[in-house]
Amino acid sequence: MKEKIIEICRELCCKEISGDEELIASGLLDSFKIMELICSLEEGFHIVFLPEEIMNLDNFETVNRMAEIVSMKTGDNV
């Protein structure tokens, strides 16, 4: 799961990404790329994020945090 999220982020950011790298605060993800990221996660893992989950940008700040929320939604372990 984490590898798939890293691959999605790598494609959006055009660079290697670590699990705890801050993607939004560092400027690697802008608002457009965040929406692309959310759509890619929903499509890739067959999940839907609720509006309140999307509004909480902390959910998408790092690969590790994304893996946690995706795991909760899919029922898989990180």
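This briefing walks through the fold, two of the helices, the cysteines and a few individual residues of the structure above. Keep in mind that the model is predicted. The protein chain has four helices and zero strands, so along the sequence you simply read α-α-α-α. With a radius of gyration of 11 Å, close to the 12 Å that the globule rule gives for 78 residues, the protein chain is as compact as a globular protein of that length.

**The overall picture**

- Picture a box of roughly 30 × 25 × 20 Å, taken along the principal axes: that is what the C-alpha atoms of the protein chain fill.
- Buried residues account for 40% of the 78 residues in the protein chain.
- Take the contacts between residues at least 6 apart in sequence: 54% of them join residues at least 24 apart.

**Helix α2, the one with a clear inside face**

- Helix α2 covers residues 31-45, which makes 15 residues. At 1.5 Å a residue, α2 should span 21 Å, and its end C-alpha atoms are indeed 21 Å apart, so the two values agree.
- Which residues of α2 are buried? They are Ile34, Leu37, Ile38, Leu41 and Phe45.
- Looking down the axis of α2, you would find these buried residues within an arc of 95 degrees, so they line one face of the helix.
- The spacing makes sense once you know a bit of helix geometry: an α-helix has 3.6 residues a turn, so residues three or four places apart point the same way.
- What do the buried residues of α2 pack against? Their partners are α1 (2-13), α3 (51-55) and α4 (63-74).
- Now flip to the other side of α2, where Phe32 and Glu43 are exposed.
- The N-terminal end of α2 is capped by Asp30, which has a side-chain oxygen 3.2 Å from the backbone nitrogen of Phe32.

**Helix α4**

- α4 has 12 residues, and from its first C-alpha to its last it reaches 16 Å, close to the 16 Å expected at 1.5 Å a residue.
- Its buried residues are Val63, Met66, Ala67, Ile69, Val70 and Ser71.
- Those buried residues of α4 pack against α1, α2 and α3.
- Just after α4 comes Gly75, with a positive phi of about 85 degrees.

**Two residues with an unusual backbone angle**

- Here is the background: most residues other than glycine have a negative phi.
- Cys14 goes the other way, with a positive phi of about 60 degrees although it is not a glycine. You can find Cys14 in the loop between α1 and α2.
- His46, the residue that follows α2, also isn't a glycine, yet its phi is positive, near 55 degrees.
- His46 sits in the loop between α2 and α3. Is His46 buried or exposed? Its relative accessibility is 73%, so His46 counts as exposed.

**The cysteines**

- How many disulfides are there? The count comes to zero.
- Cys14 is in no disulfide, and the nearest cysteine sulfur, that of Cys13, is 7.6 Å away.
- Cys14 counts as exposed because its relative accessibility is 67%.
- Why is Cys39 without a bond to Cys9? Cys9 has the closest cysteine sulfur, but that sulfur is 14 Å from the one in Cys39, too far for a bond.
- Cys39 is partly exposed, with a relative accessible area of 45%.

**Glu53 and its surroundings**

- Glu53 belongs to helix α3.
- Is Glu53 buried or exposed? At 15% relative accessibility, Glu53 counts as buried, because the cut-off for buried is under 20%.
- A polar atom of the Glu53 side chain lies 2.7 Å from the backbone nitrogen of Leu50.
- The side chain of Glu53 also meets that of Lys73 in a polar contact of 3.2 Å.
- Which residues does Glu53 touch, leaving aside its neighbours within four places in sequence? The contacts are with Val48, Asn59, Phe60, Ile69 and Lys73. One of these, Ile69, is among the buried residues of α4.

Terms used. Residues numbered from 1 in each chain as written. Predicted model: local features only at pLDDT ≥ 70, side-chain atom pairs only at ≥ 80, totals over all residues. Heavy atoms only, no water. Helix = DSSP H or I, 4+ residues; strand = E, 2+ residues; numbered from the N terminus. Expected span 1.5 Å × (residues − 1). Buried < 20%, exposed > 50% of the residue type's maximum accessible area, 1.4 Å probe, protein only. Arc of directions from axis to C-beta. Contact = heavy atoms within 4.5 Å. Polar contact = N/O pair within 3.5 Å; in protein donor to acceptor, adjacent residues only side chain to side chain. Disulfide = S-S within 2.5 Å. Rg over C-alpha atoms; globule rule 2.2 N^0.38 Å.
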